[in-house]
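The following paragraphs lead a new reader through a single structure, from one residue outward to the whole chain. Please keep the sequence and the model in view while reading.

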Amino acid sequence: MNNTTLTLKNINKTFRQGNEVLEVLRDVNLEIKPKEVVALIGPSGSGKSTLLQIAGLLEKPSEGKIYIDGTDCTENSDNVRTLLRRDYLGFVYQYHNLLPDFNAAENVILPQLIAGVNYKEAKDKAMWLLQRLGLAEREFHRPAELSGGEQQRVAIARALANAPKLLLADEPTGNLDPNTSDNVFFMLLEVVKETGLSALIATHNIELANKMDRVVRLKDGSLVDNQANRLLQNTENFY
């Protein structure tokens with residue numbers, strides 16, 4: 001497992017609702033290699049968000065093992081999991097969750113300062129990321145002064161600021177109009193490839209999924225296939 005950025009082994013996740021037990025994930029096995037960008041597809045309710053939460057050490061599986069960079073992280077304490085998220089993982093969600101009282105650059109600088117990076121290095125990294133994402137002239141704008149696409153690009157820059165080994169993205173452009181979604185997504189893929197990290201990106205968009213290295217599909221909580229992009233040629237295969 002040392003040659004994988006992320007390994008999920010026999011992952012099961014259940015929730016109890018009253019007297020009923022709801023199975024959300026069933027025996028999921030997944031490996032993501034260094035520098036590999038993987039699309040996670042499937043209909044709503046298939047378990048994509050839960051799988052990302054488990055991969056991101058935000059939730060524990062009911063059964064199974066999580067390995068990040070070859071290390072078993074399944075039973076780590078909350079404090080250790082927090083440090084692992086800080087040092088190894090980056091997150092992008094459908095809603096950007098930017099700090100409203102801070103400008104674009106500050107939203108990207110702050111996570112680095114928390115991780116112990118000095119201010120000059122943090123500012124330089126923030127400006128490089130904002131420039132790569134087409135936001136060099138928007139550094140002093142607060143979130144309310146940015147468009148939805150611009151806000152999400154700042155969120156992407158923030159997720160990449162601490163040089164994670166693995167980026168986890170849950171419908172990162174699902175809240176944007178189609179044209180803006182495509183532009184933001186292509187910028188995301190370019191920066192991910194350029195920085196050389198691995199990524200697991202949940203999306204409903206088959207065209208965007210086909211731009212990634214590999215596609216995995218969840219259905220009713222199970223990983224039902226793990227296939228090359230060329231096999232995903234229509235929406236029948238998508239779901």
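In this predicted model, a convenient place to begin is Ile201. Leaving aside neighbours within four places in sequence, Ile201 is in contact with Val37, Val38, Ala39, Leu40, Ala169, Pro172, Phe185, Leu188, Leu189 and Met212. Ile201 also belongs to the largest nonpolar core, a group of 39 residues, and is listed with Val108, Val154 and Leu167 as having the most contacts inside that core. The elements that give two or more residues to this core are the strands β3 (37-41), β7 (166-170) and β8 (198-202), together with the helices α3 (104-114), α4 (119-132), α5 (148-160), α6 (178-195) and α7 (206-209). A second core, separate from this one, has 27 residues, among them Leu6, Leu8, Ile68 and Leu168. In soluble globular proteins, nonpolar side chains tend to be buried together.

Among the contributing helices, α5 deserves a closer look. Eleven of the 13 residues of α5 are buried, and the helix is thus mostly covered. The buried residues include Val154, Ala155, Ile156 and Leu160, but also Glu150, Gln151, Gln152 and Arg153. Against which elements do the buried residues of α5 pack? Their partners are β6 (89-92), α3, α4, β7 and α6. The length of α5 agrees with expectation, because 13 residues at 1.5 Å a residue should span 18 Å, and the end C-alpha atoms are 19 Å apart.

Attention may now turn to the strands that carry some residues of the second core. Strand β1 (residues 6-17) pairs with strand β4 (residues 63-68) in the antiparallel sense, over five bridges. Within this pairing, Leu8 has Ile66 of β4 as its bridge partner. Strand β4 is also joined to β5 (residues 71-72), by two bridges and again in an antiparallel arrangement. Here Ile68 stands opposite Thr71 in β5. The hairpin of β4 and β5 has two residues between the strands, and in it Asp69 takes a positive phi near 55°.

Finally, the chain may be considered as a whole. The protein chain contains eight helices and ten strands. Its radius of gyration is 18 Å, close to the 18 Å that the globule rule gives for 239 residues, so the chain is as compact as a globular protein of that length. Along its principal axes, the C-alpha trace spans about 50 × 40 × 40 Å. Of the 239 residues, 47% count as buried. Among contacts between residues at least 6 apart in sequence, 67% join residues at least 24 apart. The chain exposes about 11600 Å², of which carbon and sulfur atoms supply 46%.

Note on methods:
Residues numbered from 1 in each chain as written. Predicted model: local features only at pLDDT ≥ 70, side-chain atom pairs only at ≥ 80, totals over all residues. Heavy atoms only, no water. Core = buried A, V, L, I, M, F, W, Y, C linked by side-chain atoms within 4.5 Å. Buried < 20%, exposed > 50% of the residue type's maximum accessible area, 1.4 Å probe, protein only. Helix = DSSP H or I, 4+ residues; strand = E, 2+ residues; numbered from the N terminus. Contact = heavy atoms within 4.5 Å. Pairing = 2+ DSSP bridges. Expected span 1.5 Å × (residues − 1). Rg over C-alpha atoms; globule rule 2.2 N^0.38 Å. Areas by Shrake-Rupley, 256 points an atom, 1.4 Å probe, with all protein chains shown as cover.
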